[in-house]
Amino acid sequence: MDIQATKLELVQLILKTNTPAVLEQVRRMLQVETKTDWWDNLPESVRQFIDLSLQEAEHEELIPHDDVMNEARAKYLNAK
């Protein structure tokens with residue numbers, strides 16, 4: 001089924017329903033789709049940190065997983 005046929009089917013289903021709760025759910029779902037991208041809702045400091053992290057990853061400036069896990073274990077499992 002192509003996108004236009006799907007849209008027509010949905011319109012028909014919406015027109016047939018008399019259940020306010022269903023219509024409200026459809027409205028909310030469609031409004032969420034038209035909102036801005038989640039990236040735009042992040043604080044500037046978080047976006048900068050993510051960009052920096054991506055640049056570090058591109059330059060292979062990473063900490064190996066085993067090192068991170070060993071540090072976490074030492075900090076949280078061995079702390080008393």
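# Briefing: a four-helix chain

Ile14 sits in helix H1, which covers residues 3–16. The model is predicted, with a mean pLDDT of 89 for the chain and 91% of residues at 70 or more. The chain holds 4 helices and 0 strands. Its radius of gyration is 24 Å, well over the 12 Å that the globule rule gives for 80 residues, so the chain is more spread out than a compact globule.

**Overall form and confidence**

- Read from the N terminus, the order of elements is α-α-α-α.
- Along the principal axes, the C-alpha atoms of the chain fill a box of roughly 60 × 35 × 30 Å.
- Of the 80 residues, 1% count as buried.
- The chain has an accessible surface of about 7800 Å², and carbon and sulfur atoms account for 58% of that area.
- Mean pLDDT varies by element: H2 has the lowest value, 85, and H3 has the highest, 94.

**Ile14 and Val26**

- Ile14 has a relative accessible area of 35%, so this residue of H1 counts as partly exposed.
- Between Ile14 and Val26 the separation is 12 residues in sequence, and their C-alpha atoms are 8.6 Å apart in space.

**Salt bridges in H2**

- The structure has 3 salt bridges in total.
- Glu24 pairs with Arg27 in one of them, with 3.2 Å between the closest N and O atoms.
- Those two residues are 3 apart in helix H2 (residues 20–34), which means that about one helical turn separates Glu24 from Arg27.
- Arg28 also forms a salt bridge with Glu24, and here the closest N and O atoms are 3.7 Å apart.
- The spacing of Arg28 and Glu24 is 4 residues within H2, again about one helical turn.
- Glu24, Arg27 and Arg28 are thereby linked in a network of salt bridges.
- Each member of the network is partly exposed: Glu24 has a relative accessibility of 29%, Arg27 has 47% and Arg28 has 45%.

**Helix H3 and its salt bridge**

- Helix H3 has 15 residues, and the distance from its first C-alpha to its last is 21 Å, close to the 21 Å expected at 1.5 Å a residue.
- Arg47 and Glu44 form a salt bridge with a closest N–O distance of 3.3 Å.
- Both residues belong to H3 (residues 44–58), where a spacing of 3 residues puts Arg47 and Glu44 about one helical turn apart.
- Arg47 is partly exposed at 21% relative accessibility; the cut-off for buried is under 20%, so the value of 21% leaves Arg47 in the partly exposed class.
- Glu44 is likewise partly exposed, with a relative accessible area of 44%.

**Glu60, after H3**

- Most residues other than glycine have a negative phi.
- Glu60 has a phi near 55°, a positive value in a residue other than glycine.
- The position of Glu60 is just after H3, in the loop between H3 and helix H4 (65–76).
- With a relative accessible area of 68%, Glu60 is exposed.

**Aromatic pair**

- A pair of aromatic rings is described by the distance of the centres and the angle of the planes.
- The structure contains 1 aromatic pair.
- Trp38 and Trp39 make up this pair, with 5.9 Å from centre to centre and 80° between the planes.
- The geometry is edge-to-face, because an angle over 60 degrees falls in that class.
- The two rings belong to residues in separate accessibility classes: Trp38 is exposed at 57%, whereas Trp39 is partly exposed at 25%.

Definitions and conventions. Residues numbered from 1 in each chain as written. Predicted model: local features only at pLDDT ≥ 70, side-chain atom pairs only at ≥ 80, totals over all residues. Heavy atoms only, no water. Salt bridge = Lys/Arg side-chain N within 4 Å of Asp/Glu carboxyl O. Buried < 20%, exposed > 50% of the residue type's maximum accessible area, 1.4 Å probe, protein only. Expected span 1.5 Å × (residues − 1). Phe/Tyr/Trp six-rings, centres within 6.5 Å; stacked < 30°, edge-to-face > 60°. pLDDT = per-residue confidence, 0-100. Rg over C-alpha atoms; globule rule 2.2 N^0.38 Å. Areas by Shrake-Rupley, 256 points an atom, 1.4 Å probe, with all protein chains shown as cover.
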